Amino acid sequence: MSATAPHQKKPNLDSVTTINQDGSRYFLHPADVRGGFTKWRRYLGAFLLFIYVAMPWIPINGHPAVFFDLANRRFHLLGLTFVTEDLWLAFFLLTGLGFGLFYLTALAGRLWCGWTCPYTVFLEHIYRRIERMIDGDAPARRRLDAAPWTSEKIARRTIKHALFFLVSAAIAHVFLSYFVSIPRLYEYMQQSPLAHAKAFGVVTFLTFALYGSFAWFREQFCIILCPYGRIQSALTDDNTMVIGYDANRGEPRGKPKDPNAGDCINCSRCVQVCPTGIDIRNGLQLECIGCAACVDACNEVMVKLDRPKGLVRYDSYNGLTGKPRKIIRPRIVLYTGFLLLGAVVLTLFLRGLHSADAEVSRLVGQPFYANQEGVRNQFELRMVNKRNEEVTFTVQAIDAPKGLKLNGVETAITVPAQGEITRPFFAVIPAADYSGRFPLKVEITVQPGDIRIENEISFLGPSVYAFKEQLEAAKSDPTPEAEAPAPQ
């Protein structure tokens, strides 16, 4: 194309670069960059993409490494199986991620955003690589944007957006496989969309959402929607490692041969490669995601000029201004304490988790029944097997009053692999042995593994005085009566 590439917009601190003065969108086209940080970011991005795709394929204990089986209310995570009753552990996961992010931000700024954030990984390592492959480098992309709609431009746009859409659909299908498993996903794909309308709806929504985000919205998500950049000022201080410009060394800017100029030659290479369109020389800004593209770009220029690297570098504000940097400081100590406390508590709770679970609850209805035979309570036993093999549950009352019997659970109960069974049973105590309400302790033994689970529930009944009156009345009236609950 012969058209001249439009001039790149100059960033400022009054407004974001991606919005023009009239409120219209200014599309960024970051230039390619080479360097150590860029290389390691690509290696890490490829590894994270591999993990995202591979997790549903890797079997651990008979299930995918990460599988949220909503249909059966089972959640499999790296060999551990959790049921709905274990969801409270998500509190530790969420708070741990939150404090971990605070900890990382206090130490290294927005390193998460530029290196491991899923949005950045998808955008930089998939969609922008496709765009560069189809449309060319940054100047070529700007020329193509400004060029009239020719057959070549239409062909490039069609191929690029078709690839964008296919990649979006692939990412959406992989996401769905975390909830339905790969075999079931393949089965769904061979059937009519209406046969699994919910799953098809989720994939369709995600596909269009991903396509819209990465084909058009792009860095606007990081600048406008993501709150992380706005709260970083509360999480960082002058000792936090960020990406900054060494003004003492770089100013005043000038030509390479000017003896009175600093090391910055005002080539704007750091601006050209920035994925959010800022000028790092204006200071740390909320749009900066810490990707280090400007660091590699500036180092490349410094090498060509035979000058030391590090004019733009990872450093703290204190380091950039020549002051010593402190790593150990109050907020780091506080975040470390919270993380250690959470890790200890989580470890203790995880040690208490078993591969099987059991719970005794009272059946809906009358709390108890009393007659000449005795007092009866009705309960329900719910047994959950998290293993990939069948197990047996044995139920018995411990520290029980004389004469108490559990009817309905006299023999061992076999629960199939990954199964769940509910079994009603009755706790009955003879009239002669009844002496009032008492705590009923039920011990459930699970084999193999000799897991012992203890449940305690109240055995309810009438007051002893009222029960004796009822029995005396029944003796004096030989007419049989229907069983009914005694007065409470």
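Which helix or strand supplies the largest share of the lining of the largest cavity? In the structure examined here, which is a predicted model, that share comes from helix H4, with four residues. Helix H4 spans residues 118-135, and together with helix H1, which covers residues 36-54, belongs to the elements that each supply at least two residues of this lining.

The cavity in question is the largest of those enclosed by the model, and the space within this cavity amounts to about 160 Å³. When cavities of 30 Å³ or more are counted, the total comes to six. The lining of the largest cavity is made up of 15 residues, and those lying nearest its centre are Val33, Arg41, Arg42, Glu124 and Arg132. With regard to chemical character, the lining comprises seven nonpolar residues, six charged residues and two polar residues.

Two open sheets were also examined, beginning with a sheet of three strands in which the order is E3-E4-E5 and the pairing is antiparallel. The edges of this sheet are occupied by strand E3, residues 66-69, and strand E5, residues 80-83; each of these has a single partner strand, so that one side of each is left without a neighbour in the sheet. From one strand to the next, the twist in this sheet averages 15 degrees. The pairing of E3 with strand E4, which is formed by residues 74-77, is antiparallel and extends over four bridges. Across this part of the sheet, Asp69 is found opposite Arg74, a residue of E4.

The other open sheet contains four strands, arranged in the order E13-E11-E15-E16 and again paired in the antiparallel sense. Its edges are formed by strand E13, residues 413-415, and strand E16, residues 451-459, and because each has a single partner strand, one side of each is left without a neighbour in the sheet. In this four-stranded sheet the twist averages 30 degrees from one strand to the next. Strand E15, which comprises residues 438-447, is joined to E16 by nine bridges, and these two strands run antiparallel. Opposite Leu440 stands Ile457, which lies in E16. In general terms, the strands of a sheet pair through backbone hydrogen bonds, in either a parallel or an antiparallel arrangement; for both the sheet E3-E4-E5 and the sheet E13-E11-E15-E16, the pairing is antiparallel.

Notes
Residues are numbered from 1 along each chain as its sequence is written. This is a predicted model: local features need pLDDT of at least 70, side-chain atom pairs count only at pLDDT 80 or more; totals for chains, interfaces and linings use all residues. Side-chain values use heavy atoms; hydrogens and water are left out. On a 1 Å grid over the protein atoms alone, a cavity is a set of points where a 1.4 Å probe fits but cannot get out, and a pocket is an open set with protein on both sides within 12 Å along at least five of seven lines; lining residues have an atom within 4 Å of a point. Grid points are joined across faces, edges and corners, and a volume is the space filled by probe spheres set on the points. Ala, Val, Leu, Ile, Met, Phe, Trp, Tyr, Cys and Pro count as nonpolar, Asp, Glu, Lys and Arg as charged, and the others, Gly among them, as polar. Two strands pair if DSSP finds at least two bridges between them. Axes are lines fitted to C-alpha atoms, for helices over the stretch in contact, and angles run from 0 to 180 degrees between N-to-C directions.
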